[in-house]
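Got the viewer open? Load the model, colour it by secondary structure, and we'll walk through it stop by stop.

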Amino acid sequence: MDCNKFEGSQKLNNLAEQLRLYKPPTNYSTNNKITNPIEDDKISNASQHENVKSNNRAAVLICLFEGIDGDVRVILTKRSSTLSSHSGEVALPGGKVEEGDANDIETALREAKEEIGLDPSLVNVVTVLESFTTKRGISVVPVIGIMQDRYAFKPDANTAEVEEIFDAPLEMFLKDENRREVELEWMGEKYALHFFDHNSENKKFVIWALTAGILIRAASIVYQRLPAFQERRPSFWNRSGL
């Protein structure tokens with residue numbers, strides 16, 4: 001393996017080292033083993049999806065890279081308007097576990113390759129966050145990876161699933177700018193859903209609901225601070241789907 005594969009900006013190198021130290025809350029268990037790709041050419045397949053039905057588990061890729069202005073940015077997609085669920089919504093690349101996926105990391109990387117043409121070799125996976133559980137009981141596991149060479153990525157949207165590929169500054173999910181919220185209630189609990197408005201190449205996108213919640217969490221970990229607003233996240237996101 002080329003040991004220079006993940007060499008790049010010092011900012012991203014420092015971020016990678018910081019995120020490798022992240023430990024999910026003690027009440028969360030993971031079947032994913034993170035390896036340093038500079039020292040090891042592959043992610044271990046030793047840990048498997050155990051006792052987890054693939055239709056109840058999914059993984060998404062939070063692929064971070066350094067923008068032209070030096071900010072940390074994340075790759076996002078707008079789902080195809082022809083999809084039967086969540087059509088036209090903004091999402092992170094990802095999807096449900098398939099037979100043969102060794103772990104959540106493989107799921108996230110495979111889905112990103114299928115959806116947006118992102119070669120897994122360009123992504124340095126550094127950590128896996130705690131899962132978010134939807135109302136329907138599906139556990140969504142965010143996998144954070146760093147892409148040092150953004151110019152090596154040639155977006156190639158699978159038009160059956162993805163309508164647009166764009167990126168946004170990660171820090172925007174900690175700011176109270178271009179944000180609004182609605183209050184909802186579930187089983188007697190009131191909670192907030194956040195909506196972030198973002199313009200990219202003269203197109204308007206809205207990042208909201210679970211995707212926004214995942215990115216608020218990721219940004220809080222990356223920048224090591226709380227958002228400038230009260231998150232009031234729904235408690236059902238914290239249910240263990242393992």
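Start with the whole chain: reading along the sequence gives the pattern α-β-β-β-β-α-β-β-β-β-β-β-β-α. That comes to three helices and eleven strands, where helices (H or I, at least four residues) and strands (E, at least two) are DSSP runs numbered from the N terminus. Before zooming in, note that this is a predicted model, in which local features need pLDDT of at least 70, side-chain atom pairs count only at pLDDT 80 or more, and totals for chains, interfaces and linings use all residues. Residues are numbered from 1 along each chain as its sequence is written, and side-chain values use heavy atoms, with hydrogens and water left out.

Now colour by accessibility. Of the 242 residues in the chain, 48% are buried; buried means under 20% relative accessible area, exposed over 50%, and partly exposed in between (1.4 Å probe, protein chains only). Then try a contact map, with contact meaning heavy atoms within 4.5 Å. Among contacts between residues at least 6 apart in sequence, 68% join residues at least 24 apart.

**Stop 1: the sheet**

Select 179–186, 189–200 and 203–208. You're looking at an open sheet of three strands in the order β9-β10-β11, with antiparallel pairing; two strands pair if DSSP finds at least two bridges between them. The edge strands are β9 (179–186) and β11, each pairing on one side only. From one strand to the next, the twist averages 25 degrees.

Zoom in on β10 and β11 (residues 203–208), which pair in the antiparallel sense over six bridges. Show H198 as sticks and follow the bridge to its partner in β11, F205. Next, pick F196 and look opposite for I207 in β11. While the sticks are on, remember that side chains in a regular strand alternate between the two faces of the sheet.

Which residue takes a positive phi in the hairpin of β10 and β11? Click on E201, where phi is near 50 degrees; the hairpin has two residues between the strands.

**Stop 2: the helix across it**

Add α3 (209–223). This helix lies across β10 and β11, running at about 80 degrees to β11; axes are lines fitted to C-alpha atoms, for helices over the stretch in contact, and angles run from 0 to 180 degrees between N-to-C directions.

**Stop 3: the cavity**

Rolling a probe the size of a water molecule over the atoms shows where empty space is left. Here a cavity is a set of points on a 1 Å grid over the protein atoms alone where a 1.4 Å probe fits but cannot get out, and lining residues have an atom within 4 Å of a point. The count comes to one cavity of 30 Å³ or more. The largest cavity has a volume of about 50 Å³, taken as the space filled by probe spheres set on the points, with grid points joined across faces, edges and corners.

Select its lining: A192, L193, H194, A209, A212, G213, I216, E231, R233 and W237. The elements giving two or more residues to this lining are β10 and α3, and α3 has the largest share, four residues.

**Stop 4: past the helix**

Finish in the segment after α3, where you'll find Q224 and R232. Phi of Q224 is near 55 degrees, positive in a residue other than glycine, and Q224 is exposed at 62% relative accessible area. R232 also has a positive phi, near 50 degrees, but R232 is partly exposed, at 31%.

Note on methods: On a 1 Å grid over the protein atoms alone, a cavity is a set of points where a 1.4 Å probe fits but cannot get out, and a pocket is an open set with protein on both sides within 12 Å along at least five of seven lines; lining residues have an atom within 4 Å of a point.
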